[in-house]
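Here are three short exercises to work through with the model open in your viewer. Try each task before you read its solution.

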Amino acid sequence: MSNNNLHIRDLDPNDIMWIKQNTPSGISQNQFLKNIISSAREEEFRYSLFSKPIVPSYLYGKLPFKFIDLFAGIGGFRCALTSVGGKCVFSSEWDKYANITYKAWYGDNDVNTEDIRTIDAKRIIPDHDILCAGFPCQPFSIAGVSKKKSLGRKHGFEDEEQGNLFEKIMDIVDAKRPPILFLENVKNLKSHDKGNTWRRIKLEIEKRNYILFSQVIDARNWVPQHRERIFIVCFDRKTFCKKQPVNFEFPNPQNNEQILLKNILETLPDEKYMLSDKLWQYLKDYAAKHKAKGNGFGFGLNTRNDVSRTMSARYYKDGAEILIHQDGWKNPRRLTPREAMFLMGFQNRYAEFFGHNNGFPQVVSDTQAYKQFGNSVVPLVVEEIAKNIVEIMVHHLLDENTGRLLVR
Ligand SMILES: C[S@@+](CC[C@H](N)C(=O)[O-])C[C@H]1O[C@@H](n2cnc3c(N)ncnc32)[C@H](O)[C@@H]1O
């Protein structure tokens, strides 16, 4: 080492190859390494950049961006955004058990556990490039709406408890002006209240000068589960539309190989997951009763070659929506929590970023684990969308000389 120079000998050939492959076009390898070192120092990047295998596919430092994880649950957004090079700078989640999982999975002890409606965004939330939020869907979901109607309660934005959470997101947008918003909700959001809910969401976002893109995407292209969710991606016009329009596109995964349940099922699950004779009889009687009335409520019995229905947060109750025929067992069984994790796309490769060598561990009861998976977003879908967001950031905002984003 001399003055300001550092010469490194005996580098592993794989590391040299990695540097060659990952240096963004337009900057030198020397500059790229300097960026990585200063990112590590400035950002106190928690996961050692040089220890393997905790290396996101797009390394933080190649395109350093920060995101916040609101309504974080078990961190579907967190896995996905980390894997494309983002650093999470704030997480909010009030559920005690979701927090136990989130802390164990991501090693994060700083989750804000308050009711998000009570926090002072300007003071508490750090600056960030992407605001991520899969805001609670019960006020808009079909099941949530009919339950609320039957109890004579208000739904959607009129839901006193949860309806105003979207407004809280808008408060945070006003306080922090993140350049990008990345939101997720149930498909029904667009048709709820004859389209009025969706019109209001669009209006609120657009009047704040964001350009909005939305698409309903079925996760079955990535996991063996039908799970249609609406994804909303918004770009601040002031930051992005200065020189040219934003040509954002959602992923088009039609060519993905179809993943089936057999790809995620365990060969020897514990027998405790087999339905009792009493529960199986009850589910069959219930389905027959509804069939006689002409409606299709009932259980979903799957073979290994199927794609399942949507897993809901109530899966823990009886597992009815996704039952598995298990050879050699007299009754069908429900998914094990580990299978539920893979059905939701929480792959081992994400777990490795955070130092777990054998997948994410189960640190709560089966009941809580099923609830958490039924509530979460599929990180594989979020990751594919996030890659396209990164493309836009690179195209519009990357400083070619430093490899850094121009917005912060
Ligand atoms: C639909 S889930 C989002 C799940 C998340 N996207 C994931 O991947 O796991 C909504 C989450 O928001 C949390 N939540 C609801 N209301 C909240 C509030 N007022 N303050 C903080 N968190 C809240 C719930 O506990 C729940 O975990």
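Keep in mind throughout that this is a predicted model.

**Exercise 1. Strand E4 and its partners**

Task: Find which strands pair with E4, and in which sense.

Solution: Start with E3 (residues 130–133), which runs parallel to E4 and is joined to it by four bridges. Within this pairing, Phe182 of E4 sits opposite Cys132. Next, turn to E6 (residues 228–236): seven bridges link it to E4, this time antiparallel. Here Asn185 has Ile230 as its bridge partner. Finally, check the surroundings: E4 (residues 180–186) is largely enclosed by the rest of the structure, because seven of its seven residues are buried.

**Exercise 2. From Cys132 into the core**

Task: List what Cys132 touches beyond four places in sequence, then place this residue in the largest nonpolar core.

Solution: Setting aside the close sequence neighbours, Cys132 touches Phe67, Ile68, Asp69, Leu70, Phe77, Leu81 and Phe182. Now widen the view to the largest nonpolar core, which has 83 residues; Cys132, Leu70 and Phe182 are among those with the most contacts inside it. Helix H15 (residues 379–397) gives the most to this core, contributing eight residues. Both domain 1 (43–255 + 380–405) and domain 2 (261–375) supply at least three residues each.

**Exercise 3. The setting of Trp105**

Task: Is Trp105 buried or exposed?

Solution: First locate Trp105 in helix H4 (residues 96–106). Then count: 21 C-beta neighbours lie inside 10 Å, so Trp105 is buried, the cut-off being 20 or more. Its contacts beyond four places in sequence are Ile74, Gly75, Phe354 and Phe360. Last, look at Tyr350: 245 residues separate it from Trp105 along the chain, yet their C-alpha atoms are 9.8 Å apart.

Methods. Residues numbered from 1 in each chain as written. Predicted model: local features only at pLDDT ≥ 70, side-chain atom pairs only at ≥ 80, totals over all residues. Helix = DSSP H or I, 4+ residues; strand = E, 2+ residues; numbered from the N terminus. Buried ≥ 20, exposed ≤ 12 C-beta atoms within 10 Å, placed from the backbone. Contact = placed C-beta atoms within 7 Å. Pairing = 2+ DSSP bridges. Core = buried A, V, L, I, M, F, W, Y, C linked by C-beta atoms within 7 Å. Domains from an automatic or database assignment.
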